[in-house]
Amino acid sequence: MVDLSVCLGDIRMANPVMTASGTCGYAFELNDFVDVSALGGFITKSITLEERAGNPPQRTFETAAGMINAIGLANVGLERFCSEKVPLLDRMEIPVIVNVAGKGVDDYVAVSRRVAGLDCVAGLELNASCPNVKEGGITFGTDPCAISELVSAVRKACPETYLIVKLTPNVTDIAQMARAAVDAGADCLSLINTFVGLAIDVETRRPVLGNRTGGVSGPAIKPMAVYMVNRVYEAVGKPLGVPIIALGGIATANDALEFILAGASAVCVGTQMMIDPNCAMVIISGIEDYCRRHEVASVMELVGALE
Ligand SMILES: Cc1cc2nc3c(=O)[nH]c(=O)nc-3n(C[C@H](O)[C@H](O)[C@H](O)COP(=O)(O)O)c2cc1C
């Protein structure tokens with residue numbers, strides 16, 4: 001019998017497979033397609049203080065081996081999240097992690113403080129890939145000082161909450177950002193968010209996306225994501241005992257296993273859920289099969305087992 005369970009701090013998950021923020025709404029949208037309770041955990045769409053309509057269309061476009069999106073953090077906002085979505089999330093039998101985003105540190109703190117107090121919430125994931133408007137448009141996650149300020153402020157506001165910081169790959173050295181997040185109080189790191197990209201319609205000579213640029217996701221980004229997870233694991237995760245949630249192009253059990261061997265304690269499936277909502281279930285059983293074939297008693301034995 002294979003033990004697929006993993007722990008992120010006090011959060012115990014029956015298996016290491018979750019869904020990626022922004023790709024599966026607020027969970028109940030998945031109910032018609034898949035048994036959500038069989039997932040290891042669920043991560044919500046980014047929640048911001050105010051409701052956001054998001055970017056003008058076109059907001060998504062299929063690329064070779066993936067997609068590019070510029071949704072623009074469209075979401076119902078904190079108040080509607082609490083009144084409309086939380087009663088449904090309350091019924092979930094698996095750990096729920098709420099992804100938090102904002103225009104400035106104060107926004108993140110306000111949303112985190114409110115959400116962290118909800119019974120159904122096992123932890124927070126700070127989306128550190130948003131532009132910090134007050135600081136002039138740089139992205140929190142691309143500046144170690146900005147990420148440090150953000151994480152310290154949320155940590156201070158929510159001292160007991162399990163805090164995951166989601167890192168952007170759009171940096172020279174992601175390990176430097178990981179270190180800054182952990183030093184400021186992150187319990188766990190998740191990586192990666194999307195790569196900035198541009199798709200052009202050659203007939204009109206205009207960008208395909210209404211926002212001009214977007215974030216590239218899907219199988220095309222997987223090798224870079226695996227490298228970054230391993231880099232962060234070796235430089236920060238392993239020496240400091242900080243778990244990593246990995247994502248970026250996972251479509252099969254082998255993809256998930258690559259990330260686990262690279263150092264991830266859990267994984268998320270994003271873009272592939274839009275192609276096959278059942279893929280998470282196939283990935284879970286594929287990981288179990290692998291463990292059985294390789295006589296691995298617990299999936300945790302594989303974390304960072306890359307030679
Ligand atoms: C349509 C779409 C919407 C997304 N929205 C969010 C979001 O609201 N917050 C966030 O932190 N990441 C968001 N992401 C990024 C994903 O969570 C994930 O980090 C990224 O897509 C890489 O994983 P994948 O290749 O498996 O999709 C979004 C990705 C996609 C494709």
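Helix 6, the ligand shell and the core

User: What makes a residue part of the set that surrounds the ligand, and which are closest?

Analyst: 25 residues surround the ligand, and the closest are Ala 20, Gly 22, Ser 217, Gly 270 and Thr 271. Being near here means a C-beta atom, placed from the backbone, within 6 Å of the molecule. By class, the shell has eight nonpolar, 15 polar and two charged residues; Ala, Val, Leu, Ile, Met, Phe, Trp, Tyr, Cys and Pro count as nonpolar, Asp, Glu, Lys and Arg as charged, and the others, Gly among them, as polar. Keep in mind that this is a predicted model: local features need pLDDT of at least 70, side-chain atom pairs count only at pLDDT 80 or more, and totals for chains, interfaces and linings use all residues. Residues are numbered from 1 along each chain as its sequence is written.

User: Why is Ala 253 called partly exposed?

Analyst: A residue is buried with 20 or more other C-beta atoms within 10 Å of its own, exposed with 12 or fewer, and partly exposed in between, C-beta atoms being placed from the backbone. Ala 253 has 19 C-beta neighbours inside 10 Å, so it counts as partly exposed. Ala 253 sits in helix 6, where helices (H or I, at least four residues) and strands (E, at least two) are DSSP runs numbered from the N terminus.

User: What is Ala 253 in contact with, leaving aside neighbours within four places in sequence?

Analyst: Ile 283, Gly 286, Ile 287 and Tyr 290; contact means C-beta atoms, placed from the backbone, within 7 Å. Ala 253 and Ile 283 are 30 residues apart in sequence but 4.3 Å apart C-alpha to C-alpha.

User: How do you know that helix 6 is mostly covered?

Analyst: Seven of the ten residues in helix 6 (253–262) are buried, among them Leu 257, Phe 259 and Ile 260. Their cover includes helix 5 (222–240), strand 16 (266–269) and helix 8 (279–293). Gly 263, with a positive phi near 135°, follows helix 6.

User: What makes strand 5 and strand 11 edge strands?

Analyst: The open sheet has four strands in the order 5-6-14-11, paired antiparallel. Strand 5 (60–63) and strand 11 (195–198) each have a single partner strand, so one side of each lacks a neighbour in the sheet. Pairing takes at least two DSSP bridges; strands 11 and 14 pair over four bridges, so they qualify.

User: Which residues touch the most other members of the largest nonpolar core?

Analyst: Ala 181, Leu 189, Val 229, Ala 264 and Val 267, out of 97 residues. Such a core is a set of buried Ala, Val, Leu, Ile, Met, Phe, Trp, Tyr and Cys residues joined through C-beta atoms within 7 Å.

Note on methods:
Contact = placed C-beta atoms within 7 Å.
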